Amino acid sequence: MFEAVRHTTYIQNNFFGNRNFNTPCIGGNNFYNGSLFGFGFGCAPALPQLPVCGFPSFNFMPSFPVMGGCCSPWGGFGMFNWGMLNRTIDMFSLLNTFNATTNLTKNFFNTFSTLTASNSAARSVAAVRNATINTSTNLPGINEAGYNAEKGGALAKTVANRAVGFTGYCAKSVREALDATGLGTGERGDGYEYARILSHNPNFKEVSTGNLNLSDLPAGCVLVYDRGVAGYSNKSGHVEVTLGNGQAVSDGVTNNIKNGARVFIPV
């Protein structure tokens, strides 16, 4: 009475995709000529004059991205959709390429930033070794406290010549400079602990910082920052030595001296 329909067409985004085996089957949620999570509705003509549709069969299980939707018993099972497979592979290849390109770009800019920062630090270190060490001062409080220009100049020159760039060992750099100039006691500690260490050192005297611009200090003054002060380490604080030219040095070079330090001058 009737001849079974052997092919059907998936309808996707207003264009026709690959043909599937058996009776008409309309797929939903199609993707690139196939159905990732499709549903099917199978129809088969029972009489020449009247097509009778089978029960809708929903296929919400993954259809292996390469299969058409699985229809009702009247509709049959979709054929392999090689176009879908190729496009899926293309999609993942494109995503992998995008991710690789993004990572490559990110790594490039990270490397560029690191190299730029390293070059900048290297230039600062090279410049500070040839910087003018200024021991003269017009600050009355410093002179009245007994500032020793000879000791200050020697300490500033020593710490400047040893600078390598910030490595996290500011206290070690200052301690080695103090010991090398005969002004240290060999006592070790983190940056913030130099407030205690220098308060017991006869070669230094703490002065008030009230109304004092730290960038105006002469060479050889030791600046001690407590933990977390002025953005320095919450664990170790920071310690550095002034050069008398607006800079301060420990293992690296500070071009803009920050407020908040306790000041110990060589006497």
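Helix 4 supplies the largest share of the lining of the largest cavity, three residues. Keep in mind that this is a predicted model. Helix 4 also gives the most to the lining of the largest pocket, with four residues, so a good part of this briefing circles around that helix. The protein chain as a whole has five helices and 10 strands.

**The largest cavity**

- Searching the whole structure turns up two cavities of 30 Å³ or more.
- The largest cavity holds about 40 Å³ of space.
- Two elements, helix 4 and helix 5, each give two or more residues to the lining of the largest cavity.
- The lining residues include Arg175, Leu178 and Asp179, and a run of others follows from Gly184 through Thr185 and Gly186 to Glu187.
- Tyr194, Ile197 and Asn201 are also in the lining of the largest cavity.

**The largest pocket**

- The largest pocket comes out at a volume of about 280 Å³.
- Its lining takes in 17 residues, and those nearest the pocket centre are Gly168, Tyr169, Cys170, Ala171 and Lys172.
- Two of those central residues also pair up as charge and ring: Lys172 lies over the face of Tyr169, 6.0 Å from the ring centre.

**Helix 4 and what packs on it**

- Helix 4 spans residues 170-180, and its buried residues are Cys170, Ala171, Ser173, Val174, Arg175, Ala177 and Leu178.
- As a reminder on geometry, an α-helix has 3.6 residues a turn, so residues three or four places apart point the same way.
- The cover over the buried residues of helix 4 includes helix 3 (149-161) and helix 5 (194-199), along with strand 5 (204-207) and strand 7 (238-242).
- Just past the end of helix 4, Gly182 has a positive phi of about 75°.

**A closer look at Ala171**

- Ala171 sits in helix 4.
- Is Ala171 buried or exposed? Ala171 counts as buried because its relative accessibility is 10%, and the cut-off for buried is under 20%.
- Leaving out residues up to four places away in sequence, Ala171 touches Gly189, Asp190, Gly191, Tyr194 and Val239.
- Tyr194 is worth a second glance, since this contact of Ala171 also turns up in the lining of the largest cavity.
- Ala171 and Ser236 are 65 residues apart in sequence, yet their C-alpha atoms are 9.0 Å apart in space.

**Cysteines**

- How many disulfides does a search of the whole structure find? The count is zero.
- For the chemistry, a disulfide is a covalent bond between the sulfur atoms of two cysteines.
- Cys170 is buried, at a relative accessible area of 11%.
- Cys221 is buried too, with 0% relative accessibility.

**Aromatic rings and a lysine**

- Across the whole structure, the search finds one aromatic pair.
- That pair is Tyr225 with Tyr232: the ring centres are 4.8 Å apart and the planes meet at 55°, so the pair counts as tilted.
- Why tilted and not edge-to-face? An angle of 55° falls short of the edge-to-face class, which needs planes over 60 degrees apart.
- Both rings belong to buried residues, with Tyr225 at 0% relative accessibility and Tyr232 at 15%.
- Tyr232 has a further partner: the charged end of Lys258 sits over its ring, 4.6 Å from the centre.

**Backbone oddities**

- Most residues other than glycine have a negative phi, and most peptide bonds are trans.
- Asn211 goes against that habit, with a positive phi near 60° in a residue other than glycine.
- Asn211 is in the loop between strand 5 and strand 6 (222-225), and it counts as exposed at 89% relative accessibility.
- Ala230 is another non-glycine with a positive phi, about 60°.
- Ala230 belongs to the loop between strand 6 and strand 7, where it is partly exposed with a relative accessible area of 29%.

**Chain-wide numbers**

- Buried residues make up 39% of the 267 residues in the protein chain.
- Take the contacts between residues at least 6 apart in sequence: 54% of them join residues at least 24 apart.

Terms used: Residues numbered from 1 in each chain as written. Predicted model: local features only at pLDDT ≥ 70, side-chain atom pairs only at ≥ 80, totals over all residues. Heavy atoms only, no water. Buried < 20%, exposed > 50% of the residue type's maximum accessible area, 1.4 Å probe, protein only. Contact = heavy atoms within 4.5 Å. Disulfide = S-S within 2.5 Å. Phe/Tyr/Trp six-rings, centres within 6.5 Å; stacked < 30°, edge-to-face > 60°. Lys NZ or Arg CZ within 6 Å of the ring centre and 35° of its normal. 1 Å grid on protein atoms, 1.4 Å probe; cavity = no way out; pocket = protein on both sides within 12 Å on 5 of 7 lines; lining within 4 Å. Points joined across faces, edges and corners; volume = space filled by probe spheres on them.
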